[in-house]
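Good morning, and thank you for making time for this presentation. I would ask you to look at the structure on the screen before I begin.

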Amino acid sequence: MVDFGKKQAQVDADEDVMARGVVVPGALDAFAVAPPSVAPPTIVSFDPEILVMSSIRKPKRVRLYGDDAVRRSFLVKGGEDLRMDERVSGLFALMNAVFARDSRCGADVRVRNYHVTPMAPDVGLIEVRCVAVVCCALFSQHVCVCVRID
């Protein structure tokens, strides 16, 4: 026998979630010490312009607007499994939480991170930061500077 009271409570909870809107990807911090004191921003609208990048997989840059009046940019990537990227991003967030709690680390010790949101095994969102450096570019610069062949 089905308990219709519990089913109705679940339907009411689902409708409440839908009424509040969809939270902006990356707005919630999984490693926060306390729950957020204010509600996370929700998506209000999308920019009608989509930019198709010129790389092999042709990722699309989309912009969305939150109810906090902030415009955010994301890459929609298809054909790649972003779950590993999400794990690395989570590792960086965990490292930042450890650095923040360690008194030996100054306020400037931090890994600059971006949010990765897998939506399916082969599609996901990657937050776009205005100033970002690819790790392999840093590595190749370091190798070129340190290894000098005379």
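Which residues form a nonpolar patch on the surface? They are L91, L94 and V98, and together they have about 250 Å² of accessible area. I should say at once that this is a predicted model, so please hear what follows as a description of that model.

Let me stay with L91 for a moment. This residue lies in helix 2, which covers residues 83-101. L91 counts as partly exposed because its relative accessibility is 45%, and partly exposed means a value between 20% and 50%.

Now to the overall layout. The protein chain contains three helices and six strands. Read from the N terminus, its elements follow the order α-β-β-β-β-α-β-β-α. The chain has 150 residues, of which 17% count as buried.

I return to helix 2 in its own right. With 19 residues, helix 2 spans 27 Å from its first C-alpha to its last, close to the 27 Å expected at 1.5 Å a residue. Which residues of helix 2 are buried? S89, N96 and A97 are buried there. These three lie on the same side of helix 2, because the arc they cover around the axis is only 100 degrees. The other side of helix 2 carries M84, R87 and R101, which are exposed.

One of those exposed residues also takes part in a charge pair. The side chains of R87 and E86 meet in a salt bridge, at 3.3 Å from N to O. R87 counts as exposed because its relative accessible area is 56%, while E86, at 30%, is partly exposed.

That brings me to the salt bridges in general. Side chains of opposite charge can pair when their charged atoms come close. How many salt bridges does a search of the whole structure find? The search finds six.

I would draw your attention to the pair of R57 and E80, whose closest N and O atoms are 3.7 Å apart. This pair links distant parts of the chain, with the two positions 23 residues apart in numbering: R57 sits in the loop between strand 2 (51-52) and strand 3 (60-66), and E80 sits in the loop between strand 4 (71-78) and helix 2. R57 is partly exposed, with a relative accessibility of 48%, and E80 is also partly exposed, at 26%. The pair does not stand alone, since R57, K77 and E80 are linked in a network of salt bridges.

Another salt bridge joins R72 and D68, with the closest N and O atoms 2.7 Å apart. D68 is partly exposed, its relative accessible area being 34%.

K77, from the network just described, leads us to the strands. K77 stands opposite G124 in strand 6. Strand 4 and strand 6 run antiparallel to each other and pair over five bridges. Strand 6 has a second partner in strand 5, residues 116-120, and these two are joined by four bridges, again in the antiparallel sense. Within that pairing, T117 has L125 of strand 6 as its bridge partner. How many residues lie between strand 5 and strand 6 in the hairpin that they form? There are two.

Is strand 6, then, mostly covered or mostly open? Strand 6, residues 123-127, is mostly covered, as four of its five residues are buried.

Finally, I would like to turn to the backbone in two of the loops. Most residues other than glycine have a negative phi. K58 has a positive value, near 55 degrees, and is not a glycine. This residue is found in the loop between strand 2 and strand 3, the loop that also holds R57. K58 is partly exposed, with a relative accessible area of 41%.

Where is the other such residue, A69, found? A69 is in the loop between strand 3 and strand 4. Its phi is positive, at about 65 degrees, although A69 is not a glycine. A69 counts as exposed because its relative accessible area is 73%, and exposed means over 50%.

To close, I would leave you with two places to revisit on the screen. One is strand 6, which pairs with strand 4 and with strand 5. The other is helix 2, with S89, N96 and A97 buried and M84, R87 and R101 exposed on the other side. Thank you for your attention.

Conventions:
Residues are numbered from 1 along each chain as its sequence is written. This is a predicted model: local features need pLDDT of at least 70, side-chain atom pairs count only at pLDDT 80 or more; totals for chains, interfaces and linings use all residues. Side-chain values use heavy atoms; hydrogens and water are left out. Patches are made of residues with over 30% relative accessible area and no salt bridge: like charges are joined within 9 Å, nonpolar side chains (Val, Leu, Ile, Met, Phe, Trp, Tyr) within 5 Å. Accessible areas come from the Shrake-Rupley method with a 1.4 Å probe; for residues, only the protein chains shown count as cover. A salt bridge is a side-chain nitrogen of Lys or Arg within 4 Å of a carboxyl oxygen of Asp or Glu. Buried means under 20% relative accessible area, exposed over 50%, partly exposed in between (1.4 Å probe, protein chains only). Two strands pair if DSSP finds at least two bridges between them. The expected span of a helix is 1.5 Å times one less than its number of residues. The arc is that of the directions from the helix axis to the C-beta atoms.
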